[in-house]
Amino acid sequence: MKSRGYIFTFFLVLLTFANTVISLYIGPVHIPIPVILENIYRTLIRADPNWTVSTIIFYVRMPRIILAVLIGMILAISGLVTQTIFRNPLGDPYLTGVSSGAALGAAIGFLISPFLVPFLAFFFAMLAVGISFLISRSGGEIRAEILILAGISVSFLFSAVASYLIYLKEYNLRGVLFWLLGGLYGATWSEVYYIFIAVLIAIPVILAFRKELDIMLMGDEQAKSLGVDTGKVKTVTLLVTSLVTSLAVSFVGIIGFIGLVSPHIGRKIVGESHAMLAIVAPLIGANLLLVSDTIARSTPQGEIPVGIITAFIGSPVLIYLLFRRRRM
Amino acid sequence: MIEISGLTVRYGGKIAVDHVDLTVQDGEKIILMGPNGSGKTTILKAILGLVPYEGHVKIDGEEIVKLSRREIARRVAYVPQIFYTPYTFSVREFVSMGLYSVVRDWLSADGVVDRAIMRVGLSDLREKSVNTLSGGELQKAVIARALVQNSRYILMDEPTAHLDIGAVKDVLDIVRSMEDRGVILVSHEVHPLNRIDGTLILLNRGRVVYRGNKRDPEMEEKLRDVFGVRVNDANGALQFDLS
Amino acid sequence: MERRTIAIIVTVVVIAVISSVAFGIRTPQPTSPDKITVTYDLDGQNVSVTIPLPVKRVVSMDPSNTQMMFAIGAGNLVVADTSYDWWPENATKLPKVEMDNGTASVEEVVAMNPDLVLAYGGIQPPQIIDQLENLSIPVLVFQPQNIQQIYQDMLVLGNVTGHQKGAVNEVNSMKQKIEGVEQKIAPYPKVSVLYMLWPNPIYTVGPGSFINNILQVAGGINIAQNLSSPYPIISMEQIIYDNPQAIIVDNGTGINNISYFESGSQAALWANITAVKTGMVMVFNVTESNWMDEPGPLTVYAVITVAEFLHPQAFQ
């Protein structure tokens with residue numbers, strides 16, 4: 001299993017590179033490969049490249065492609081953590097209330113000024129998570145069963161308020177709807193920078209807890225009896241992933257299925273060991289989101305929200321997984 | 001030594017364990033028996049610090065409330081009833097989880113893991129995935145994991161339940177071979193009593209109703225009282241008689 | 001079959017029959033001697049609506065319709081309009097018939113006892129239109145896709161309200177003013193323009209939107225005119241590629257002036273676009289935005305404003 005894992009990881013890294021390069025070529029404006037290459041060359045030797053092509057390649061496509069890779073990684077690692085800690089195969093990055101918190105923040109943002117949307121989305125996402133955590137703390141430890149219910153209840157509440165606000169100012173409906181369905185349009189290098197830092201923090205943190213997470217798969221009681229401080233593990237890992245997910249959502253809206261499906265695909269190939277999964281799942285997520293976004297921004301009708309594509313890709317995978325479980 | 005005094009555990013208003021006193025010396029074997037709901041498993045969980053309790057639980061002189069998870073795990077290991085393990089971890093990876101509380105240097109630990117696996121007789125299945133093991137094999141793997149913790153005491157919850165008689169014998173033999181460890185073995189069957197030379201503590205409705213290590217008529221009578229079933233002594237081996 | 005089953009079946013059938021009869025009953029048609037049938041273009045289709053005469057009470061559910069009514073001289077027939085109505089002054093004083101989010105309440109409309117209701121295609125949910133028609137209240141739904149259709153709609157209103165003369169006069173006045181503008185800008189080359197409805201994602205106007213037509217008439221070439229819907233999203237790539245000479249930003253997007261395109265992370269994308277480099281960026285204020293968004297008599301001012309922006313030399 002181990003060597004299989006290493007081979008697969010290597011393959012995934014290669015795939016990510018290939019995907020990135022291919023996506024650079026795809027877009028609403030057709031730019032032939034020789035032109036792209038020439039442009040990159042001229043940029044490197046600072047010889048006055050064609051600004052149209054450079055701007056499109058370096059400022060429109062590249063940041064968006066890299067952002068897709070990074071956000072895919074964040075969603076996947078968050079999904080992995082929730083699935084393990086809640087011992088729930090349907091765990092996704094938004095289980096703790098992130099999505100509805102962010103939606104509420106966005107709805108408020110669209111009412112006041114669209115520029116405030118990312119900040120408000122992040123703030124309210126963390127607020128929702130914080131409330132869920134507070135509700136489910138008992139005896140200094142977070143009880144997973146209660147956290148799920150807390151997350152759901154908080155989600156209902158925040159969603160209700162958000163829906164009401166959206167209903168009030170239907171004029172902004174388009175903007176809000178697009179945001180809710182998720183989209184990487186308008187990706188800039190500064191967003192890439194922040195998300196890159198987030199990934200640099202999140203993945204090593206989860207890797208640091210790989211042994212604890214493996215043991216926690218057996219359940220809280222056994223984990224504790226083996227010496228694992230389950231309270232600390234849950235708090236730290238869930239907090240970190242909620243934070244980075246909130247950040248991601250504040251930039252690109254709510255993109256579903258990537259966080260849910262990537263860990264499962266990873267497990268099918270390399271098993272449950274978190275040492276492997278913490279690397280493999282993010283790579284799978286990166287590729288899934290990158291492919292989805294490339295499709296989303298290049299349809300003949302123009303751009304459609306990427307959340308729609310991820311749903312199209314994710315649902316068959318989910319259904320397949322459910323079928324497999326039934327036969328078990 | 002594990003010292004329990006006045007242990008009381010309540011579950012939502014009901015008393016599951018009622019002022020129980022219990023001690024386990026180094027190397028001592030205690031067989032904890034009683035009908036369902038008598039509080040046997042709850043006592044184990046209290047010792048492990050998994051449930052809130054009233055009274056005192058001390059391991060080697062220290063109250064467990066003052067100890068961290070790791071410290072507790074270093075002193076007492078838990079062998080739970082076999083459970084659903086749909087995981088692809090190998091037996092070796094699974095047993096290695098026991099090393100979490102013990103060792104920082106994972107490399108030198110391999111020997112410990114292999115020895116424990118050999119002791120429970122699973123050497124051939126070292127690389128097999130745990131989701132492909134039979135009930136008996138899984139129980140042995142869990143025991144090996146507990147052995148690897150290198151704790152002075154081991155708590156076992158129904159280690160022979162759901163096993164075929166061959167596996168039951170293997171498991172009880174392993175327990176017998178643990179000369180240096182104190183063991184509390186919870187069971188509602190009578191096999192452990194026959195195979196292991198230890199003290200029987202009988203529980204009923206959260207209270208200790210009998211304590212003794214001689215297989216004599218008094219023990220048989222108490223067993224019958226508690227379980228409501230006749231107990232026979234056939235060649236020194238106790239049996240529940242349903243005829 | 002046992003008796004209980006029979007009882008259940010009979011109850012279900014009776015309920016089904018009663019409900020279909022109840023739904024089938026409609027309020028009786030008021031008999032009236034005079035009717036008029038108007039036919040016009042709606043969203044690419046020909047529609048025919050029959051309206052009993054005379055029309056004395058009109059409820060308008062959209063500012064553009066209210067403006068047309070007042071422009072043709074039929075303003076006194078309007079008994080209620082919306083809270084979005086801002087022109088003319090008298091229109092703002094009329095009773096209002098909608099809820100805050102812009103959809104009309106059928107009850108309030110009915111309470112005004114109208115002979116005719118004017119709606120705008122795509123704004124009110126179709127269920128409301130259907131409900132009104134079920135109550136035998138005629139509804140005229142307008143959705144002009146270009147300036148010609150605005151003229152057509154005004155003439156229809158003139159016919160229906162008996163203000164044919166007023167309608168013809170207003171249409172001629174508009175045509176005159178617009179032709180005047182077209183003549184002034186004729187000698188000058190057309191200017192490529194991006195009309196930004198929303199910045200993130202970038203919504204613009206495309207074929208089928210009358211705003212697109214306004215841009216054309218005012219001497220502009222809408223860079224989105226070959227996209228596939230009236231209000232499409234345009235990719236940043238295409239904007240960079242098409243390099244518009246002018247940018248017009250709708251009111252209410254949060255963008256206040258050209259500095260949006262010149263600062264922060266937007267700068268890298270927009271810096272080399274001709275419109276930004278030459279300062280040809282206009283952000284509409286509320287009034288200008290209303291002229292642009294509400295097809296009717298005030299569209300003339302929209303045309304003039306855009307033409308003056310795109311071809312300043314023509315108006316010196």
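Here is a short walk through this predicted model, from a meeting of two chains to the nonpolar cores and a pair of helices.

Let's begin where chain A meets chain C. Here 28 residues of chain A are in contact with 22 residues of chain C. On the chain A side, at least two residues each come from helix H3 (51-85), helix H6 (144-168), helix H7 (173-181) and helix H8 (189-208). H3(A) gives the largest share of that side, with 6 residues. Sorted by character, the chain A residues touching chain C are 13 nonpolar, 11 polar and 4 charged.

Now turn to the nonpolar cores. The largest one has 163 residues, and the members that touch the most others are Ile74(A), Ile77(A), Ile195(A) and Leu155(B). H3(A) appears again here, supplying the largest share of this core, 15 residues. There is also a second, separate core of 91 residues, whose members include Val117(C), Val181(C), Ala218(C) and Met280(C). To get a feel for one residue's surroundings, find Ile195(A): leaving aside residues up to four places away in sequence, its contacts are Leu67(A), Leu70(A), Ile71(A), Ile74(A), Leu247(A), Ala248(A) and Phe251(A).

Finally, look at how two helices of chain A pack. The axes of H4(A), residues 98-112, and H6(A) come within 8 Å and cross at roughly 20°. Because angles under 35 degrees count as roughly parallel, H4(A) is roughly parallel to H6(A). Their crossing is left-handed. Among the residues making this contact are Ala103(A), Leu104(A) and Ala107(A) on H4(A), with Phe158(A), Val161(A) and Ala162(A) on H6(A). Overall, the contact between H4(A) and H6(A) has 10 nonpolar residues, 4 polar and no charged.

Note on methods. Residues are numbered from 1 along each chain as its sequence is written. Chains are lettered from A and ligands numbered from 1 in the order in which they are written. This is a predicted model: local features need pLDDT of at least 70, side-chain atom pairs count only at pLDDT 80 or more; totals for chains, interfaces and linings use all residues. Two residues are in contact if their C-beta atoms, placed from the backbone, lie within 7 Å. Helices (H or I, at least four residues) and strands (E, at least two) are DSSP runs, numbered from the N terminus. Ala, Val, Leu, Ile, Met, Phe, Trp, Tyr, Cys and Pro count as nonpolar, Asp, Glu, Lys and Arg as charged, and the others, Gly among them, as polar. A nonpolar core is a set of buried Ala, Val, Leu, Ile, Met, Phe, Trp, Tyr and Cys residues joined through C-beta atoms within 7 Å. A residue is buried if 20 or more other C-beta atoms lie within 10 Å of its own, exposed if 12 or fewer, and partly exposed in between; C-beta atoms are placed from the backbone. Axes are lines fitted to C-alpha atoms, for helices over the stretch in contact, and angles run from 0 to 180 degrees between N-to-C directions. Angles under 35 degrees count as roughly parallel, over 145 as roughly antiparallel, 65 to 115 as roughly perpendicular and the rest as oblique. A crossing is left-handed if the near helix is turned anticlockwise from the far one by less than a right angle, and right-handed if clockwise.
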